[in-house]
Amino acid sequence: MNKLDLNCLPIFIAVVESGNFTAASELLHVTRSAVSKSISRLENSLGVALFQRTTRQQVLTDDGMVLYEYASKALNSLQEASNFLESGKRHVEGKVCITAPRLLGNLYVIPLLIELMNLYPKLEIETLLNDRKMDLQQEGIHIAVRVGKLPDSNQLIAHEIGHHKMILCASPGYLTKNGIPQKISELNSHQLIAYTQVGQVLPWQLYDDHQQEYLYLPTSKFMMDDMQAIMSAVLQGGGIAYLPQWLVQTHIQSGSLKTVLSEYQSASYPISVVWLTTPFLPLKIRVVIDTIREKLPLILMSG
C-alpha cells in the first residue's frame with residue numbers, strides 16, 4: 001500500500017456528494033480527467049475499489065462508504081477547527097469558571113487570574129475556592145486546580161504543574177526555648193498546632209529513610225481549620241506544625257522558620273490543572289489553562 005494522498009480526499013467527497021465525476025469536476029472547477037486520476041491515485045494507495053463505475057454514474061462500494069464516513073467527518077472537523085482558530089485570533093471574551101483548593105487558590109491562583117483579566121478586559125472569571133472535589137461536568141466548571149492523585153478518566157485532561165509536600169516546622173524562638181525534638185515520640189512533650197477538617201484533627205503522615213510510614217495524631221490545645229492561620233501562629237512562636245512546603249518555603253529560606261525532624265519526609269502529591277476533554281477548547285479557557293501551566297509551577301517552586 002502506497003502513502004495515502006490526503007489531497008485526494010476532498011475530491012473523493014465531492015464525487016460522492018455530487019453523484020459522478022463530471023458533476024464533481026464542475027463543482028471543483030477542474031477537468032473530469034483530473035478528478036478521475038485523483039480517485040485512481042486514492043484507490044491505488046488504499047488498495048481497494050471505491051466506486052463501481054458505469055457510463056452515467058459512480059456507485060460507492062462498501063469500502064468507499066467506509067472511507068466516505070470517516071473522511072467527511074475528518075474534513076468537517078478540520079474546517080470547524082480552522083473556523084474556530086480564526087475567530088479565536090480576534091476575541092478572548094466570555095465567562096470561565098475555575099475551582100481550586102481554598103488556600104492555594106487564594107495565594108497563587110487568584111493573582112494569576114487578575115493578571116489575565118487586566119490583559120483581556122472582556123474575560124469574565126468565576127472562582128470556586130474550596131477543598132471539595134467538584135464534578136466539572138455536572139457543576140459547569142471549566143478548569144480545576146487539584147492536589148492529589150487523580151483517578152483515571154477519559155472525560156478529563158490533566159497536566160501536572162507541581163508537587164505538594166508537607167514539612168514539620170517551628171520558629172527559631174520556640175525551638176530555642178523548648179528544644180528541638182530528635183524523634184517523633186518527643187513531639188509529645190511539645191506545643192503542637194493541629195489542623196482540623198470537619199471538626200476532626202488530621203494526622204501527620206511521615207516516612208523515614210526506609211519508607212516506613214508513621215501516622216502521628218497530634219495532641220494539641222491549639223487547633224485550626226486554616227493552614228495560613230496555623231502558619232501565622234507558628235511564626236509567632238506558638239509551637240510546631242505540619243504545613244505545606246510551598247506555603248512556608250520563603251520563611252524557611254529567610255530563617256524565620258526552621259524545619260523539624262527533617263530526616264522524616266511526607267508523601268508527595270501531584271498538583272495538576274484539569275479540564276474537560278473536548279474536541280475544540282474555547283480560547284477563553286485555553287488562555288487560562290496556558291497561564292496556569294506556564295506561571296504556577298514557577299510560583300510554587302519559589303514559594
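Let's start with one residue, Tyr264. Tyr264 is buried, with a relative accessible area of 18%. Buried here means under 20%, so Tyr264 makes the cut. Keep that residue in mind. One caution before going on: this is a predicted model.

Now, which residue forms an aromatic pair with Tyr264? The partner is Tyr214. The ring centres sit 5.7 Å apart, and the planes meet at 90 degrees. That makes the pair edge-to-face. Where do the two residues sit? Tyr214 is in strand S11. Tyr264 is in the loop between strand S14 (258-259) and strand S15 (269-276). The two are 50 residues apart in sequence, so the pair ties together distant stretches of it. And is Tyr214 buried, exposed or partly exposed? Its relative accessibility is 31%, so Tyr214 counts as partly exposed.

Why do I quote two numbers for a pair? Because a pair of aromatic rings is described by the distance of the centres and the angle of the planes.

Next, the wider search. How many aromatic pairs turn up in the whole structure? Six. One of them is Trp204 with Tyr216. Their ring centres are 5.9 Å apart, and their planes are at 45 degrees, so this pair is tilted. Trp204 belongs to strand S10 (residues 204-207). Tyr216 belongs to strand S11 (residues 213-216). They are 12 residues apart, and the pair links distant parts of the chain. Both Trp204 and Tyr216 are buried.

There is also a cluster. Ring pairs join Phe12, Phe21 and Phe51.

Now let's zoom out to the whole chain. It has nine helices and 15 strands. Why call it more spread out than a compact globule? Take the radius of gyration, which is 30 Å. The globule rule gives 19 Å for 303 residues. The value for this chain is well over that, so the chain is more spread out than a compact globule. Look at the C-alpha trace too. Along its principal axes it spans about 100 × 45 × 35 Å.

What about contacts? Count those with a separation of 6 or more. Of these, 72% come from residues 24 or more positions apart.

Now burial and surface. Of the 303 residues, 40% count as buried. The accessible surface comes to about 17,400 Å². Carbon and sulfur atoms hold 52% of that surface.

Last, charge. The chain carries 25 positive side chains and 27 negative ones. How far apart are the centres of the two sets? They lie 4 Å apart.

Conventions:
Residues numbered from 1 in each chain as written. Predicted model: local features only at pLDDT ≥ 70, side-chain atom pairs only at ≥ 80, totals over all residues. Heavy atoms only, no water. Helix = DSSP H or I, 4+ residues; strand = E, 2+ residues; numbered from the N terminus. Rg over C-alpha atoms; globule rule 2.2 N^0.38 Å. Buried < 20%, exposed > 50% of the residue type's maximum accessible area, 1.4 Å probe, protein only. Contact = heavy atoms within 4.5 Å. Areas by Shrake-Rupley, 256 points an atom, 1.4 Å probe, with all protein chains shown as cover. Lys, Arg positive; Asp, Glu negative; His and termini not counted. Charge placed at Lys NZ, Arg CZ, Asp CG, Glu CD. Phe/Tyr/Trp six-rings, centres within 6.5 Å; stacked < 30°, edge-to-face > 60°.
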